Amino acid sequence: MAFEDLLEDPVIQKYLHELVGPTGMPVAAAPPDGEVTDEELAEDLDLELNDVRRALFILYENDLATYRRLRDEDSGWLTYLWTFEYDNIPENLEEEMYRLHDALEERREYERNHEFYLCEICSIRFEFGEAMDFGFECPECGSPLESMDNDRLVRSMDDRLDALEDELNIDADA
(Lines give C-alpha, C1' and ligand atoms only; values in the text may rest on other atoms or scores of the structure.)
Protein backbone atom coordinates (compact mmCIF):
# COMPACT_ATOMS: atom_id res chain seq x y z
CA MET A 1 0.00 0.00 0.00
CA ALA A 2 1.39 3.40 -0.96
CA PHE A 3 2.33 5.86 1.76
CA GLU A 4 -0.41 8.36 0.79
CA ASP A 5 -3.02 5.59 0.61
CA LEU A 6 -2.13 4.51 4.14
CA LEU A 7 -2.94 7.97 5.49
CA GLU A 8 -6.31 8.07 3.71
CA ASP A 9 -7.46 4.77 5.21
CA PRO A 10 -9.92 5.51 8.07
CA VAL A 11 -8.70 2.49 10.06
CA ILE A 12 -5.14 3.79 9.94
CA GLN A 13 -6.27 7.33 10.77
CA LYS A 14 -8.08 5.95 13.82
CA TYR A 15 -5.01 3.90 14.79
CA LEU A 16 -2.76 6.96 14.59
CA HIS A 17 -5.31 9.04 16.51
CA GLU A 18 -5.44 6.41 19.25
CA LEU A 19 -1.65 6.46 19.49
CA VAL A 20 -0.90 10.18 19.51
CA GLY A 21 -4.25 11.72 20.50
CA PRO A 22 -5.82 14.85 19.07
CA THR A 23 -2.88 17.17 19.81
CA GLY A 24 -0.40 14.84 18.13
CA MET A 25 -2.58 13.99 15.16
CA PRO A 26 -1.31 16.87 12.97
CA VAL A 27 2.21 15.46 13.39
CA ALA A 28 1.13 11.91 12.55
CA ALA A 29 -1.20 12.87 9.69
CA ALA A 30 1.22 15.04 7.74
CA PRO A 31 4.62 13.39 7.84
CA PRO A 32 7.15 15.19 5.64
CA ASP A 33 9.37 13.44 3.15
CA GLY A 34 12.87 12.88 4.43
CA GLU A 35 14.31 14.05 7.71
CA VAL A 36 12.88 16.86 9.80
CA THR A 37 13.60 18.35 13.21
CA ASP A 38 11.00 18.62 15.94
CA GLU A 39 11.41 22.42 15.86
CA GLU A 40 10.68 22.51 12.11
CA LEU A 41 7.57 20.40 12.60
CA ALA A 42 6.35 22.59 15.44
CA GLU A 43 6.82 25.71 13.33
CA ASP A 44 5.32 24.24 10.14
CA LEU A 45 2.28 22.86 11.96
CA ASP A 46 1.93 25.79 14.38
CA LEU A 47 2.04 23.47 17.38
CA GLU A 48 3.71 23.58 20.76
CA LEU A 49 7.14 21.98 20.68
CA ASN A 50 6.28 19.66 23.61
CA ASP A 51 3.19 18.36 21.75
CA VAL A 52 5.32 17.61 18.68
CA ARG A 53 7.99 15.88 20.77
CA ARG A 54 5.40 13.82 22.59
CA ALA A 55 3.84 12.66 19.30
CA LEU A 56 7.25 11.87 17.81
CA PHE A 57 8.24 9.84 20.86
CA ILE A 58 5.00 7.84 20.71
CA LEU A 59 5.53 7.18 17.01
CA TYR A 60 9.11 6.13 17.80
CA GLU A 61 7.93 3.74 20.55
CA ASN A 62 5.61 2.11 18.02
CA ASP A 63 8.29 1.76 15.31
CA LEU A 64 6.63 4.42 13.16
CA ALA A 65 9.42 6.99 13.39
CA THR A 66 13.17 6.87 13.70
CA TYR A 67 15.73 9.53 14.49
CA ARG A 68 19.38 10.21 14.24
CA ARG A 69 21.33 12.60 16.44
CA LEU A 70 23.71 15.26 15.24
CA ARG A 71 25.97 17.14 17.63
CA ASP A 72 26.87 20.73 16.78
CA GLU A 73 30.66 20.89 17.02
CA ASP A 74 30.67 24.49 18.28
CA SER A 75 27.86 24.51 20.83
CA GLY A 76 27.65 20.82 21.69
CA TRP A 77 23.86 20.94 21.19
CA LEU A 78 22.16 17.80 19.93
CA THR A 79 19.78 17.98 17.00
CA TYR A 80 17.38 15.12 16.34
CA LEU A 81 16.44 14.44 12.72
CA TRP A 82 13.23 12.47 12.48
CA THR A 83 12.07 10.16 9.70
CA PHE A 84 8.61 8.62 9.53
CA GLU A 85 8.40 4.86 8.94
CA TYR A 86 4.74 4.21 8.16
CA ASP A 87 5.47 0.99 6.26
CA ASN A 88 5.20 -0.73 9.67
CA ILE A 89 1.56 0.26 10.21
CA PRO A 90 -0.04 -2.88 8.70
CA GLU A 91 2.17 -5.13 10.86
CA ASN A 92 1.41 -3.03 13.96
CA LEU A 93 -2.32 -3.28 13.28
CA GLU A 94 -2.09 -7.04 12.89
CA GLU A 95 -0.22 -7.29 16.21
CA GLU A 96 -2.95 -5.19 17.84
CA MET A 97 -5.58 -7.54 16.45
CA TYR A 98 -3.75 -10.55 17.90
CA ARG A 99 -3.51 -8.78 21.28
CA LEU A 100 -7.22 -7.97 21.12
CA HIS A 101 -7.99 -11.58 20.23
CA ASP A 102 -5.98 -12.93 23.17
CA ALA A 103 -7.49 -10.43 25.62
CA LEU A 104 -11.02 -11.14 24.39
CA GLU A 105 -10.46 -14.88 24.63
CA GLU A 106 -9.21 -14.46 28.21
CA ARG A 107 -12.17 -12.25 29.13
CA ARG A 108 -14.65 -14.70 27.59
CA GLU A 109 -13.24 -17.52 29.73
CA TYR A 110 -13.50 -15.29 32.82
CA GLU A 111 -17.14 -14.55 31.99
CA ARG A 112 -17.89 -18.24 31.41
CA ASN A 113 -16.23 -19.40 34.63
CA HIS A 114 -17.71 -16.91 37.09
CA GLU A 115 -21.15 -16.23 38.46
CA PHE A 116 -22.21 -12.59 38.69
CA TYR A 117 -24.77 -10.59 40.63
CA LEU A 118 -26.07 -7.16 39.71
CA CYS A 119 -27.51 -4.22 41.57
CA GLU A 120 -30.17 -3.03 39.16
CA ILE A 121 -30.35 0.37 40.87
CA CYS A 122 -26.63 1.23 40.79
CA SER A 123 -25.72 -1.00 37.81
CA ILE A 124 -22.78 -2.42 39.77
CA ARG A 125 -21.77 -5.99 39.02
CA PHE A 126 -20.29 -8.33 41.62
CA GLU A 127 -18.70 -11.77 41.44
CA PHE A 128 -20.40 -14.43 43.55
CA GLY A 129 -17.80 -14.18 46.35
CA GLU A 130 -18.18 -10.40 46.60
CA ALA A 131 -21.98 -10.65 46.52
CA MET A 132 -21.86 -13.24 49.29
CA ASP A 133 -19.53 -11.02 51.38
CA PHE A 134 -22.11 -8.23 51.11
CA GLY A 135 -24.98 -10.56 52.02
CA PHE A 136 -26.33 -10.21 48.46
CA GLU A 137 -27.12 -6.54 49.16
CA CYS A 138 -25.61 -3.64 47.26
CA PRO A 139 -23.05 -1.88 49.48
CA GLU A 140 -23.95 1.44 47.82
CA CYS A 141 -27.75 1.50 48.08
CA GLY A 142 -28.75 -1.63 50.05
CA SER A 143 -30.85 -3.08 47.21
CA PRO A 144 -30.87 -6.84 46.76
CA LEU A 145 -28.35 -8.19 44.26
CA GLU A 146 -29.92 -10.22 41.47
CA SER A 147 -28.27 -13.13 39.69
CA MET A 148 -26.99 -11.89 36.35
CA ASP A 149 -27.22 -13.85 33.12
CA ASN A 150 -24.20 -12.94 30.98
CA ASP A 151 -24.95 -15.32 28.09
CA ARG A 152 -25.58 -12.44 25.67
CA LEU A 153 -22.21 -10.92 26.58
CA VAL A 154 -20.43 -14.24 26.06
CA ARG A 155 -22.20 -14.78 22.70
CA SER A 156 -21.18 -11.28 21.64
CA MET A 157 -17.57 -12.08 22.54
CA ASP A 158 -17.83 -15.35 20.59
CA ASP A 159 -19.05 -13.43 17.54
CA ARG A 160 -16.24 -10.88 17.82
CA LEU A 161 -13.67 -13.65 18.26
CA ASP A 162 -15.02 -15.46 15.19
CA ALA A 163 -14.68 -12.28 13.15
CA LEU A 164 -11.13 -11.69 14.39
CA GLU A 165 -10.19 -15.30 13.68
CA ASP A 166 -11.54 -14.97 10.14
CA GLU A 167 -9.61 -11.72 9.64
CA LEU A 168 -6.39 -13.18 11.04
CA ASN A 169 -6.84 -16.63 9.44
CA ILE A 170 -6.70 -18.33 12.83
CA ASP A 171 -7.97 -21.89 12.96
CA ALA A 172 -10.12 -21.87 16.12
CA ASP A 173 -9.96 -25.66 16.38
CA ALA A 174 -6.15 -25.79 16.26
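Which domains does the domain assignment give for the protein chain? There are domain 1, covering 4–84, and domain 2, covering 90–168. Keep in mind as you look around that this is a predicted model. Below is a quick tour: how the domains meet, then the strands in each part of the chain, then a salt bridge and a couple of unusual backbone angles.

**Where the two domains meet**

- Take the C-alpha atoms of each domain, and the centres of domain 1 and domain 2 turn out to be 38 Å apart. The contact draws on six residues from domain 1 and four residues from domain 2.
- Putting domain 1 and domain 2 together buries about 360 Å², and 72% of that comes from carbon and sulfur atoms.
- On the domain 1 side, the top contributor is helix α2 (residues 10–29), which supplies three residues. Sorted by type, the residues on this side are five nonpolar, one polar and no charged.
- What about salt bridges: how many link domain 1 and domain 2? The count is zero.
- Polar contacts do turn up, though: two residue pairs make them across the interface of domain 1 and domain 2, both at pLDDT 80 or more.

**The sheet of β1, β3 and β2**

- Three strands make up an open sheet here, lined up as β1-β3-β2 with antiparallel pairing. The edges belong to β1 (36–37) and β2 (65–71), each of which has a partner on one side only.
- On one side of the sheet, β1 pairs with strand β3 (residues 78–84) through two bridges, in the antiparallel sense. To find this pairing in the model, look for Thr 37, whose bridge partner in β3 is Leu 81.
- Over on the other pairing, β2 and β3 are joined by seven bridges and also run antiparallel. Ala 65 is a handy landmark, as it sits opposite Phe 84 in β3.
- How many residues lie between β2 and β3 in their hairpin? Six do, and Gly 76 in the turn has a positive phi of about 85°.

**Strands β4, β5 and β6**

- Further along the chain, β4 and β5 run antiparallel and are held by four bridges. Tyr 117 faces Phe 126 in β5, while Leu 118 has Arg 125 of β5 across from it.
- These two strands, β4 and β5, also form a hairpin, with four residues between them.
- β4 has another antiparallel partner in strand β6 (residues 146–148), with three bridges joining the pair. Here Phe 116 has Met 148 of β6 as its bridge partner.

**Salt bridges**

- Side chains of opposite charge can pair when their charged atoms come close. By the rule used here, the count comes to 11 salt bridges.
- One to look up is the salt bridge between the side chains of Arg 68 and Glu 35, at 2.5 Å from N to O. This pair ties together distant parts of the chain: Arg 68 belongs to strand β2, Glu 35 lies in the loop between α2 and β1, and the two are 33 residues apart.

**Backbone angles worth a look**

- Most residues other than glycine have a negative phi, and most peptide bonds are trans. Against that background, here are two residues to check.
- Asp 63 isn't a glycine, yet its phi is positive, near 60°. You'll find Asp 63 in the loop between α4 (49–61) and β2.
- Ser 123 isn't a glycine either, and its phi is positive at about 60°. Where is Ser 123 found? Look in the loop between β4 (116–119) and β5 (124–127), which puts Ser 123 in the turn of the hairpin made by β4 and β5.

Methods: Residues numbered from 1 in each chain as written. Predicted model: local features only at pLDDT ≥ 70, side-chain atom pairs only at ≥ 80, totals over all residues. Heavy atoms only, no water. Domains from an automatic or database assignment. Contact = heavy atoms within 4.5 Å. Buried area = accessible area lost by both parts, 1.4 Å probe. Salt bridge = Lys/Arg side-chain N within 4 Å of Asp/Glu carboxyl O. Polar contact = N/O pair within 3.5 Å; in protein donor to acceptor, adjacent residues only side chain to side chain. Nonpolar A, V, L, I, M, F, W, Y, C, P; charged D, E, K, R; others polar. Pairing = 2+ DSSP bridges.
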